[in-house]
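Visitor: I am new to this structure and should like to learn how to read it. Would you kindly guide me through its features?

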Amino acid sequence: MRSCYCGQVSESLTSQLVILCGWVHHRRDHGGVIFIDLRDREGIVQVVFNPEQTEAFASAERVRNEYVLRIHGRVRPRPEGTENPDLATGKIEVVAEQVEILNTADPLPFQLDEHVSEEVRLRFRYLDLRRPQVHARFRLRAKVTNFLRKFLDEQGFLDIETPMLTKATPEGARDYLVPSRTHPGEFFALPQSPQLFKQLLMMAGMERYYQIVRCFRDEDLRADRQPEFTQLDIEMSFIDEMVLRNLMESMMRNLFKEILNVELPNPFPCLTYREAMLRYGSDKPDLRVPLEFIDLSDLMKEVEFKVFSQPANDPDGRVAALSIPNGQSLSRKQIDDYTSFVTTYGAKGLAYIKVNDIQAGRDGLQSPILKFLPDQVIQEILKRTQAETGSLLFFGAGKAKMVNDSLGALRLKIGEDLKLVQPGWKPLWVIDFPMFEWDDKDNRWMALHHPFTAPNVQKIAEVEATPGTCMSRAYDMVLNGTEIGGGSIRIHRSDMQSAVFRLLGIGEEEAREKFGFLLDALKYGCPPHGGIAFGLDRLVMLMTGAHSIREVIAFPKTQTASCLLTSAPSPANALQLRELHIRVKTPQAVEPVT
RNA sequence: GGAGCGGUAGUUCAGCUGGUUAGAAUAUUGCCCUGUCAAGGCAAGGGUCGCGGGUUCGAGUCCCGUCCGCUCCGCCA
């Protein structure tokens with residue numbers, strides 16, 4: 001049907017006959033000569049229609065934007081002075097001899113080269129996807145998955161599929177449920193991840209498994225969270241965390257080298273969870289922002305200023321500062337804006353000190369909290385923060401979680417606002433996560449990672465004695481402030497697994513019911529194993545410079561988890577519901593919860 | 001569940017402290033035009049101001065509710 005792609009017509013084809021297929025990108029009708037920019041997957045080429053070619057010219061007059069054409073034409077260099085350096089094919093043009101209109105097109109709801117709202121883009125996603133820039137992201141995504149498959153295959157990993165219709169899990173995210181027709185009143189769950197299946201594959205002796213697999217979580221959406229998303233899921237037997245991390249680093253380094261021609265560091269820097277929280281207030285720090293927390297908790301224990309002294313003396317409290325070089329130039333209004341920004345993270349306010357003149361001591365400082373702090377404390381603050389004339393110090397005080405959340409978010413926002421974000425790629429590992437986190441709401445321990453993560457101690461008694469300080473063998477890979485992967489060495493002994501379930505408040509009976517198959521499998525010769533899962537959408541988002549994973553998912557959902565293209569979800573008809581043994585209570589019919 | 005921003009022509013937007021017939025650009029349609037490449041010129045058509053209610057002599061504009069989109073908090077082992 002075609003002899004070559006539009007985007008690949010080059011000078012080497014000069015005076016040859018080509019057959020092109022594609023869409024009318026633009027049409028310029030000069031009355032006596034008509035130009036059509038013909039677009040296909042590989043690019044755009046200019047086709048010229050002269051009146052001498054009567055039939056072709058007549059067709060070209062009828063043609064409109066986005067008509068689908070098949071063109072026979074001859075390649076020739078453009079006349080001198082009419083080359084277009086902005087076009088890859090700009091040195092040549094194709095003189096049309098025959099045109100076939102393969103299809104007409106109604107005027108598009110929007111023009112492909114104009115800015116258009118995401119709402120309209122998603123409703124007409126198939127048109128949005130025609131745009132070359134949008135196209136490019138999916139081409140890159142395909143190259144990424146192809147590279148990953150090749151790499152893992154060469155490393156001896158087996159690509160094995162796991163069920164989409166599976167069992168609901170307690171803990172973790174809300175499940176998407178699928179009613180069973182053959183088992184009235186019972187439901188499958190779509191997998192939040194193939195976690196247990198990949199562990200079972202290790203117990204099955206597969207040793208190295210990977211899968212590029214869709215996962216489902218029925219939670220609220222964000223720019224980097226969709227209800228269905230894709231993981232690169234990996235599991236290995238007879239390894240420890242260093243083997244796995246080294247291999248995964250190597251995979252990432254090779255990926256970035258091959259796809260983006262970028263050299264990632266070797267090895268990746270590695271931070272403990274504790275250090276990451278201390279220095280950045282985040283377990284996924286963006287190392288491109290050259291600002292760090294300065295801890296002041298010890299300094300504030302004795303001050304009379306309760307806002308600082310109280311958290312300083314609270315074991316769960318924290319006082320920390322963020323020093324902004326040249327932050328003095330921030331206006332009162334900007335500081336007010338940052339204050340209301342941190343209140344969304346639970347902060348009561350945002351104390352600050354402007355350093356107008358570092359030489360002038362207290363007189364060189366400007367701050368509403370100055371009067372509450374003794375000279376010696378002020379001197380120590382200035383010393384620790386390495387403040388200079390022009391610096392602005394922000395303070396966070398309160399529960400450690402709140403200080404970390406608010407100051408951590410402020411660090412990123414200021415980094416962006418003041419253009420402090422360094423260009424490039426900053427990957428790192430975060431390790432030594434706590435095994436458990438106390439949940440005040442439910443009054444119980446929660447697994448920070450998931451309940452199958454191995455503690456970094458051998459003895460069950462040790463875990464049970466010190467759940468609050470016990471570390472896990474989990475690791476996260478972070479890139480430019482985004483968590484792109486996480487995993488762990490797993491528990492491979494049933495007694496340890498039972499103990500962890502117990503600590504999490506999962507009783508014997510519930511553990512049997514929900515995870516009986518896992519506990520059984522652990523008894524029949526389970527190898528030590530561990531793995532990791534990467535958020536493929538997030539990874540590709542970063543690699544393409546997109547600001548949302550929706551940009552790298554062909555047909556994404558909106559924030560309320562609906563599809564503007566297909567109008568899913570939609571009501572089921574009565575017959576379907578009857579077969580599934582389901583009766584729907586419409587929202588109006590639901591009795592108010594008392 | 002909560003906070004913020006937005007919703008006006010097919011599209012992207014403007015529309016001031018409420019006041020004639022709601023504008024621009026672009027797209028569309030017609031005519032003119034032989035070297036453009038976001039072609040150009042002339043002309044025309046195109047509006048449930050998201051939806052519902054309220055205030056007012058009068059509402060795109062003010063108030064209340066609601067729906068939709070986006071960002072964030074909660075949530076996401």
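Visitor: How many nonpolar, polar and charged residues does the surface near RNA strand B have?

Guide: This is a predicted model. In it, the surface near RNA strand B has 21 polar, 19 charged and 14 nonpolar residues. Altogether, 54 residues surround the strand, the closest being Thr82, Glu93, Asp220, Ala447 and His449.

Visitor: Which parts of RNA strand B do the atoms within 4 Å of the protein belong to?

Guide: Sugar or phosphate accounts for 53% of those atoms, and bases for the rest. Individual contacts illustrate both kinds. A base nitrogen of RNA strand B lies 2.7 Å from an N or O atom in the side chain of Gln46. On the phosphate side, a polar side-chain atom of Thr558 is 2.7 Å from a phosphate oxygen of the strand, while Gly32 places a backbone N or O atom 3.2 Å from a phosphate oxygen.

Visitor: Which elements give two or more residues to this surface?

Guide: They are the strands β1 (17-29) and β2 (34-40), together with the helix α2 (118-123).

Visitor: How should one read a sheet, and in what order do the five strands of the open sheet stand?

Guide: In general, strands of a sheet pair through backbone hydrogen bonds, in either a parallel or an antiparallel manner. Here the order is β12-β13-β16-β14-β15, with antiparallel pairing. At the edges stand β12 (293-295) and β15 (365-366), each of which pairs on one side only. Three bridges join β12 to β13 (residues 317-324) in the antiparallel sense, and Ile294 stands opposite Ala321 in β13.

Visitor: Which helix packs on the sheet there?

Guide: Helix α7 (residues 273-280) does, touching β12 and β13. The direction of α7 makes about 100° with that of β12.

Visitor: Let us turn to single residues. Is Arg141 buried or exposed?

Guide: One compares the relative accessible area with a cut-off: under 20% counts as buried. Arg141 is therefore buried, because its value is 14%. Arg141 belongs to helix α4 (residues 132-154). Beyond its neighbours within four places in sequence, Arg141 is in contact with Thr230, Leu536, Asp537, Val540, Val552 and Ile553.

Visitor: Where does Ala554 lie, and what does Ala554 count as by relative accessibility?

Guide: Ala554 lies in the loop between α15 (536-544) and α16 (574-579). Its relative accessibility is 27%, so Ala554 counts as partly exposed. Setting aside residues up to four places away in sequence, Ala554 touches Arg125, Leu129 and Phe138. Although Ala554 and Val134 are 420 residues apart along the chain, their C-alpha atoms are separated by 9.5 Å.

Definitions and conventions:
Residues numbered from 1 in each chain as written. Chains lettered and ligands numbered in written order. Predicted model: local features only at pLDDT ≥ 70, side-chain atom pairs only at ≥ 80, totals over all residues. Heavy atoms only, no water. Near = heavy atom within 4 Å. Polar contact = N/O pair within 3.5 Å; in protein donor to acceptor, adjacent residues only side chain to side chain. Helix = DSSP H or I, 4+ residues; strand = E, 2+ residues; numbered from the N terminus. Nonpolar A, V, L, I, M, F, W, Y, C, P; charged D, E, K, R; others polar. Pairing = 2+ DSSP bridges. Contact = heavy atoms within 4.5 Å. Axes fitted to C-alpha atoms, helices over the stretch in contact; angles between N-to-C directions. Buried < 20%, exposed > 50% of the residue type's maximum accessible area, 1.4 Å probe, protein only.
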